[in-house]
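Subject: Handing over a structure, with notes

Dear colleague,

I am passing on a structure that you have not worked with before, and I would be glad if you looked through it alongside the notes in this email.

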Amino acid sequence: MKYIVSIMFMLFSAICTKAQDVEMEKSSSGSGKSEGFFKKENLFTGGNLNLAFGNNVTVLGISPYLGYSINKYLDVAFAPTISYTSQRDIVYLDDKLRQTVYGPGAFVRVFPFKFVFAQAQYQFNLIRQKYILPRNTGLPNEKYKFDSHSLLVGGGYAQGRDEDNNSFFYISVMWDVANSKYSPYKDNLNRAIPIIWAGYNIALFQGRN
């Protein structure tokens with residue numbers, strides 16, 4: 001996991017560095033001098049609640065994030081996630097699966113229009129699972145620990161976002177397109193289920209000198 005977190009950190013740093021270079025070039029070409037390449041007003045935070053329903057499966061989760069706006073079309077962010085999943089009828093009728101998932105992640109949002117975005121998000125999932133067999137089997141419950149990877153893609157709608165305001169409400173729908181057996185975003189037949197995310201994006205320093 002440390003290796004994956006390191007890769008995400010280096011990727012985020014590289015993107016921010018590139019953005020800084022672009023901003024410095026723009027400032028230099030426009031005024032003959034650089035105004036500094038890191039803009040704190042481009043930082044943002046926020047979080048979302050996610051809710052998913054499928055074939056005998058329910059997912060509830062929360063994902064805070066901290067990010068940087070490369071420009072008015074592109075945002076990147078770190079986004080750790082924690083979620084709870086409940087499934088039933090996995091192997092036997094009336095059996096149950098309870099699992100808690102947490103881990104680091106990162107996303108990219110692209111805004112072709114100020115109120116519409118496409119999003120891709122990678123998540124490394126640490127999974128703690130409890131399998132409850134039907135009472136009539138007489139067998140004890142089972143506990144497992146493992147991990148999986150998810151690549152969530154989809155899009156959404158942003159309300160209140162414009163060039164001078166990076167604080168807005170949003171709602172999105174995502175699907176896990178990674179082929180991971182233990183994905184928390186697949187049903188018991190390993191089919192991707194729609195994930196509904198809703199949250200608020202907060203501009204940290206926008207409008208401050």
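The notes below go from the strand pairing to single residues, and then to the nonpolar groups.

Please keep in mind throughout that this is a predicted model.

A good place to begin is strand β7, which spans residues 116-132. Strand β5, made of residues 96-103, runs antiparallel to β7 and is joined to it by 7 bridges, and within this pairing T100 has R128 as its bridge partner in β7. Strand β6 is likewise antiparallel to β7, with 7 bridges between them, and here V108 finds its bridge partner in A120 of β7. The connection from β6 to β7 is a hairpin of 2 residues. Strand β8 also pairs with β7 in the antiparallel sense, over 16 bridges, and one of the residues involved is F117, whose bridge partner in β8 is G156.

R128, which belongs to β7, deserves a closer look. Once its neighbours within four places in sequence are set aside, R128 is in contact with R98, Q99, T100, Y102, Y144, K145 and F146. Even with these contacts, R128 has a relative accessibility of 31% and therefore counts as partly exposed, since the buried class is kept for values under 20%. R128 can also be compared in position with Y84: the two are 44 residues apart in sequence, while their C-alpha atoms are 9.8 Å apart in space.

S83 is placed in strand β4, which covers residues 81-88. With a relative accessible area of 4%, S83 is buried. Beyond its neighbours within four places in sequence, S83 is in contact with V59, L60, G61, Q99, T100 and V101, and so Q99 and T100 appear among the contacts of S83 as well as among those of R128.

As for charged pairs, the structure holds 1 salt bridge, in which the side chains of R88 and D89 meet at 2.9 Å from N to O. R88 has a relative accessibility of 45% and for that reason counts as partly exposed.

Turning to the nonpolar residues, the largest nonpolar core has 10 residues in all, namely F44, Y65, A77, A79, F107, F111, F117, A158, F168 and Y170. The elements that give two or more residues to this core are β6, residues 105-113, and β9. Apart from this core lies another one, of 9 residues, which include A52, M174, Y185 and I195. As general background, nonpolar side chains in soluble globular proteins tend to be buried together.

Not every nonpolar side chain in the model is placed in a core, however, and the surface should be considered too. A nonpolar surface patch of about 1100 Å² is made by L51, F53, L60, F113, F115, L151, Y157, I171, V173, W175, V177 and I196. Two or more of these residues come from each of β1 (43-54), β8 (142-159) and β9 (168-176), and β9 gives the most, with 3 residues. L60, one of the patch residues, lies in strand β2, residues 57-71, and is partly exposed, with a relative accessible area of 45%. This is the L60 that was listed above among the contacts of S83.

With kind regards

Terms used. Residues numbered from 1 in each chain as written. Predicted model: local features only at pLDDT ≥ 70, side-chain atom pairs only at ≥ 80, totals over all residues. Heavy atoms only, no water. Salt bridge = Lys/Arg side-chain N within 4 Å of Asp/Glu carboxyl O. Buried < 20%, exposed > 50% of the residue type's maximum accessible area, 1.4 Å probe, protein only. Helix = DSSP H or I, 4+ residues; strand = E, 2+ residues; numbered from the N terminus. Contact = heavy atoms within 4.5 Å. Patch = residues over 30% accessible without salt bridge, like charges linked within 9 Å, V, L, I, M, F, W, Y side chains within 5 Å. Areas by Shrake-Rupley, 256 points an atom, 1.4 Å probe, with all protein chains shown as cover. Core = buried A, V, L, I, M, F, W, Y, C linked by side-chain atoms within 4.5 Å. Pairing = 2+ DSSP bridges.
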